[in-house]
Amino acid sequence: LILGGGIHGVGIMHDFASRGWHDVHLLEKGHIGSGTSSRSTKLIHGGLRYLKNIRDFGLVAEALRERRTLMTLAGDLVKPIELIFPVLQKGGMPGWMIKAGLTLYDVLAGRYGMSKHAKLSIAEVEQRIQGLDHSNFRGYYSFWDGQTDDLGLVKRVARSAQKLGVQYSEGCMATKVQRTDDGWLVKVKDSSGNDHNVSALYVINCAGPWAHVLLENSQLQPTHRAINNKGSHLLFEDRGLKAGLFLQSPEDERIMFMLPWGGMTLVGTTEQLFEGSPDQLTVTEKEVDYMLSRCNGYLKTPLAKADIKSTFAGLRWLAVDGSKSITSTSRSYVAGEHAGRRGLMVTLYGGKLTTYRTLAQAVGDRITKHFGEFKPSRTDDPGFWVGQMANHSAEVPGVPERFLAGQS
């Protein structure tokens, strides 16, 4: 039984199905992909900024391999995007450091890479992004990553799992888990308020920000301390970008993006500790001011609050060392285990949209080996995927209506 229908939940469901396991079901308290998995920065990327930490080199290399894999498996949803990385006149990373980082990025990508990074002239930059205040920059580099329809990808993975014979239920929230002689008994409340009991040998807790609520209700001590890392985004009318912009914030060394997406321009993301209820998530005025001020340091004509068409935010549920800040916390995933009399309950922390498939494979390997019936994952086989769905165009589609309605 898998709890949570974000990218990691549906990815694990698909992984088990690809191994031939059919006695698998997923429960999602809302709609598939309605949480953070559809509120990302829309990038399938290696994570250039993670190269500041040697411990994350392996994560970056894995993500770059997965970037290529997802472009192969779902090429209508995951497409290349060029990103422009300006060298600031004051503050930020010096040009030699940017050059070294981009070179390492190319090396780690190896045969899975796209176009190599390159230095651009002002004229070449203007062909891609107009309206930059060039007096603020010493030079420009170009590199490539991937961009996606994140909600479309979640739905594609879920449909691919269904194709292989497993199902999911929406509007169903797990409220408590207890050990039994046969594994675990999970208490579930549906959208009508009805209570149900589900018996499972293995429970995979992919509830993200709600994961510890379930453990606390079940009187199970969490295996890890965790935090919610809030990422906020702004949407503007299309500014004619033909490439994305990689933004440095010299004051706090944070990174943001300005990207063309779905016929609009997307700005984000922030990183901020969030301690409130995940069900009360909004983009604050302070976050709006922060993003506008950072963007406007790059532009001739500043963006104003009146230009914002919509906002959205998501939460990344991370296992954290108490001595570390959000920025220094690794984006690699952690799996905490609770042993039952039979079976296991696994709670996930962290993980990246880009590497969801390898995370799912690791969880699938653990469970099938524990069960004693190991079969390999086959989610890298195009035959185990559904093709392009009729309600998704061959291009990255327009912004979902719920965002255009101004919902935060």
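Contact here means heavy atoms within 4.5 Å.

**Figure 1. Overall view of the predicted model, 408 residues in the protein.** Of the contacts with a separation of 6 or more, 75% are accounted for by residues 24 or more positions apart. The protein has 9 helices and 19 strands; these are DSSP runs numbered from the N terminus, helices being H or I with at least four residues and strands being E with at least two. The radius of gyration is 21 Å, close to the 22 Å of the globule rule for 408 residues, so the protein is as compact as a globular protein of that length. That radius is taken over C-alpha atoms, and the rule is 2.2 Å times the number of residues to the power 0.38. The C-alpha trace spans about 70 × 45 × 45 Å along the principal axes. Residues are numbered from 1 along each chain as its sequence is written, and side-chain values use heavy atoms, with hydrogens and water left out. Because the model is predicted, local features need pLDDT of at least 70 and side-chain atom pairs count only at pLDDT 80 or more, whereas totals for chains, interfaces and linings use all residues.

**Figure 2. Surface and charge of the protein.** About 17300 Å² is exposed, and carbon and sulfur atoms supply 49% of this area; the areas come from the Shrake-Rupley method with a 1.4 Å probe, and for residues only the protein chains shown count as cover. Buried residues make up 54% of the 408. Buried means under 20% relative accessible area, exposed over 50%, and partly exposed in between (1.4 Å probe, protein chains only). There are 48 positive and 41 negative side chains, and the centres of the two sets lie 3 Å apart. Lys and Arg count as positive and Asp and Glu as negative, while His and the chain ends are not counted. A charge is placed at NZ of Lys, CZ of Arg, CG of Asp or CD of Glu.

**Figure 3. Close-up of the salt bridge between Arg-19 and Asp-365.** The closest N and O atoms of Arg-19 and Asp-365 are 2.9 Å apart. Arg-19 sits in the loop between α1 (7–18) and β2 (25–28), and Asp-365 in helix α8 (residues 356–371), so the pair links distant parts of the chain, 346 residues apart. Arg-19 is buried at 3% relative accessible area, and Asp-365 is buried at 18%. A salt bridge is a side-chain nitrogen of Lys or Arg within 4 Å of a carboxyl oxygen of Asp or Glu; by this rule the model has 23 salt bridges.

**Figure 4. Close-up of the salt bridge between Arg-366 and Glu-337.** The N to O distance for Arg-366 and Glu-337 is 2.6 Å. Arg-366 belongs to helix α8 and Glu-337 to strand β18 (residues 334–339), so parts 29 residues apart in sequence are tied together by the pair. Both side chains belong to partly exposed residues: Arg-366 has 36% relative accessibility, and Glu-337 has a relative accessible area of 34%.

**Figure 5. Close-up of the loop between β13 and β14.** Glu-251 and Arg-294 form a salt bridge whose closest N and O atoms are 3.6 Å apart. Glu-251 lies in the loop between β13 (244–249) and β14 (254–261) and Arg-294 in helix α7 (residues 285–296), so this pair ties together parts 43 residues apart in sequence. Glu-251 is exposed, at 61% relative accessibility. A network of salt bridges links Glu-251, Asp-252, Arg-254 and Arg-294. Glu-253 is in this loop too; although not a glycine, Glu-253 has a positive phi of about 65 degrees. At 57% relative accessibility, Glu-253 is exposed.

**Figure 6. Close-up of the surroundings of Ile-129.** Ile-129 is found in the loop between α4 (122–128) and β6 (137–148) and is buried, with 1% relative accessible area. Neighbours within four places in sequence aside, Ile-129 is in contact with Ile-84, Leu-241, Ala-243, Gly-244 and Leu-245. For Ile-129 and Ala-243, which are 114 residues apart along the chain, the C-alpha atoms are separated by 6.5 Å.

**Figure 7. Close-ups of backbone geometry at Lys-42 and Thr-269.** Most residues other than glycine have a negative phi, and most peptide bonds are trans. Lys-42, not a glycine, has a positive phi of about 70 degrees. Lys-42 lies in the loop between β2 and β3 (43–44) and is buried, its relative accessible area being 1%. The peptide bond joining Gly-268 and Thr-269 is cis, with omega about 5 degrees. Thr-269 lies in the loop between β15 (264–268) and β16 (272–274).
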